[in-house]
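Biologist: I would like to learn how to read packing and cysteine features from coordinates. Can we go through one example together?

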Amino acid sequence: MKFSQYYLPTLKEEPKEAENISHKLMIRAGMIRKVAAGIYDLLPYGLRVIRKVEAIVREEMNRSGAHEVLLPAIQPAELWEESGRWKFYGKELLRIKDRSNRDFCFGPTHEEVIVDLVRKDIRSYKELPLNLYQIQTKFRDEIRPRFGLMRGREFIMKDAYSFHADESSLHEHYEIMHATYTRIFTRCGLNFRPVEADSGAIGGDVTHEFHVLADTGEDTIVTCPTCNYTANLEKATSSQEKFVQKNSTGTEEKQREEVLTTNLHAVEDVARFFHVTPNELIKTLIYVADNEPVAALIRGDQNLNEVKLKNYLCANEITMASEEVIKKVTGGQVGFSGPIGLTCKVIADYSISGMKNFIIGANKADYHFKNTNFTRDFQEPTYTDLRIVTEGDKCPKCSALLMFKRGIEVGQIFKLGTKYSKNMNLTILDKQGKPTHPIMGCYGIGIGRTAQAAIEQNHDNDGIIFPMGVTPFEVIILNLGTQEEKINRAAEELYHKLLQAKCDVLYDDRELRPGFKFKDADLIGIPIHIRIGKKYIENNTVELVIRKDKHISELSLSEAIEKIHSIIAKELSHA
């Protein structure tokens with residue numbers, strides 16, 4: 001492709017709308033343009049990256065034995081009502097009506113549609129396992145779309161769904177897909193980690209996310225430097241040993257006292273008033289889970305993980321209680337809630353186990369209790385892991401100190417179980433000839449997120465540094481003397497020879513100053529630069545520049561071609 005004939009509108013200035021570096025670079029490099037919040041045009045240069053990612057995904061999915069399909073983007077509400085998700089998915093589901101006033105949605109995912117497809121044709125365990133996948137546009141009405149393609153409302157996704165006769169088949173296929181995803185992201189040239197995760201609205205009980213590591217990533221990954229434990233912050237847990245040991249001091253129980261604490265709501269303010277540290281307080285947080293109030297207790301210096309609470313309660317939806325509900329449950333004002341006398345279910349985090357003489361809200365405006373104790377003052381609650389892990393906690397597997405990293409989620413795999421096949425009455429005959437519900441798996445990759453994550457992880461002050469596996473072009477030829485016939489002939493010769501060798505090459509034939517071309521070449525991130533200028537006139541040599549480290553080699557045309565092939569082969573083999 002010749003630059004002069006290519007639609008590649010680069011920008012010098014940083015766009016004000018962009019929030020992170022990859023978003024800025026994608027706009028400046030002429031890859032995307034905003035249409036509306038979370039909705040983007042893909043320009044030719046950006047689309048080439050998307051197609052490169054898609055090609056890798058498609059090759060590896062086919063290699064795994066999956067079969068490609070293409071399902072409708074618009075889905076009837078009836079299917080979602082069968083699965084039970086029409087009411088519970090939330091406002092992210094874009095609901096629409098057709099001219100006959102029938103309810104539809106723009107698919108954010110395709111579990112319902114794929115189950116409906118399979119139940120029409122599959123009858124026996126002999127036809128399983130089966131894995132069907134597609135690469136298609138999805139829509140999720142994010143409350144705050146941001147970061148370009150990373151959290152857009154409209155996005156391209158690879159989603160796959162597998163069907164199995166038994167758990168062992170699902171487990172075996174889950175491991176195949178784990179290995180498939182590892183190959184995909186390795187071929188994309190990414191530094192990534194698979195992490196334990198929560199399944200969220202999709203469902204299921206076992207899931208892993210794949211995160212590209214980046215300092216500016218929006219997700220926190222919890223890792224152990226000693227063993228292989230890795231999880232996202234929603235899922236991560238830690239050893240509870242230190243809390244029990246620290247809280248069980250052996251101190252004798254003191255007499256409980258009711259203390260006036262006018263306008264003191266925040267933990268830090270209450271702790272300061274009592275001349276104690278926040279870890280000597282217990283917070284009582286009132287939630288509503290599927291229309292039922294519940295109290296969650298956690299130590300004052302810890303933060304509650306709402307995902308863990310929701311999962312423990314097996315709830316479809318969980319929200320902070322309203323002022324009206326809090327008054328009904330506690331009998332007191334918001335900001336002074338405590339565990340004594342509650343009229344709802346009470347659950348506690350391990351962080352409060354063994355505590356003595358602690359401070360709690362008195363369920364009375366402007367009052368707290370000090371020297372409160374379990375059993376004597378209120379029944380000891382049921383304990384579970386409800387807290388958000390903090391850096392320096394002990395690993396739940398080996399007790400080493402946990403570390404935090406930042407990451408960008410680009411893919412996730414799930415063991416769904418029979419949630420969808422059972423709700424939607426998908427049945428097959430098992431080996432005994434009895435009807436049973438197939439067990440499902442689900443496997444997604446954000447194509448646009450993967451492309452942008454590659455940029456977020458690979459850039460410098462001058463622009464993008466594309467990994468070879470996903471670069472729009474492998475080589476850019478910079479003609480630095482368009483007025484010189486000898487330079488033009490050499491550039492054209494090199495261009496056509498590379499095309500004949502099936503290289504993806506961009507030829508910058510524009511009549512612009514060398515400095516301008518250098519800046520554009522660095523900005524758009526093509527891995528190999530060939531500069532043809534005065535040195536070719538003087539001694540028939542060109543400069544081969546590696547974009548990643550700016551290393552320059554002076555070579556003849558034939559040597560440059562050989563070197564280009566060698567670099568590309570080496571880079572792709574490493575992936």
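Biologist: Which helices and strands do the buried residues of H13 pack against?

Modeller: Bear in mind that this is a predicted model. The buried residues of H13 pack against two helices, H1 (21-28) and H2 (44-63). They also pack against strands S26 (463-464), S27 (475-479), S28 (505-508) and S29 (528-532).

Biologist: Which residues of H13 are buried?

Modeller: H13 covers residues 514-524, and its buried residues are Lys517, Asp520, Ala521, Asp522, Leu523 and Ile524. Just after the helix, Gly525 has a positive phi of about 80 degrees.

Biologist: At what angle do the axes of H1 and H11 cross?

Modeller: The crossing angle is roughly 105 degrees, and the axes come within 8 Å. An angle of 65 to 115 degrees counts as roughly perpendicular, so H1 and H11 are described that way. On the H1 side, the contact is made by Ile21, Ser22, His23, Leu25 and Met26. H11, residues 447-457, contributes Gln452, Ile455 and Glu456. The contact residues comprise four nonpolar, three polar and one charged.

Biologist: How many disulfides are there?

Modeller: A disulfide is a covalent bond between the sulfur atoms of two cysteines. The cut-off used is 2.5 Å between sulfurs, and the count here is zero.

Biologist: Why is Cys395 not bonded to Cys227?

Modeller: Their sulfurs are 3.6 Å apart, which is too far for a bond. Cys395 counts as buried, at 1% relative accessibility. Cys442 is in no disulfide either, with the nearest cysteine sulfur, in Cys105, 15 Å away. Cys442 is also buried, at 4% relative accessibility.

Terms used: Residues are numbered from 1 along each chain as its sequence is written. This is a predicted model: local features need pLDDT of at least 70, side-chain atom pairs count only at pLDDT 80 or more; totals for chains, interfaces and linings use all residues. Side-chain values use heavy atoms; hydrogens and water are left out. Buried means under 20% relative accessible area, exposed over 50%, partly exposed in between (1.4 Å probe, protein chains only). Helices (H or I, at least four residues) and strands (E, at least two) are DSSP runs, numbered from the N terminus. Contact means heavy atoms within 4.5 Å. Axes are lines fitted to C-alpha atoms, for helices over the stretch in contact, and angles run from 0 to 180 degrees between N-to-C directions. Angles under 35 degrees count as roughly parallel, over 145 as roughly antiparallel, 65 to 115 as roughly perpendicular and the rest as oblique. Ala, Val, Leu, Ile, Met, Phe, Trp, Tyr, Cys and Pro count as nonpolar, Asp, Glu, Lys and Arg as charged, and the others, Gly among them, as polar.
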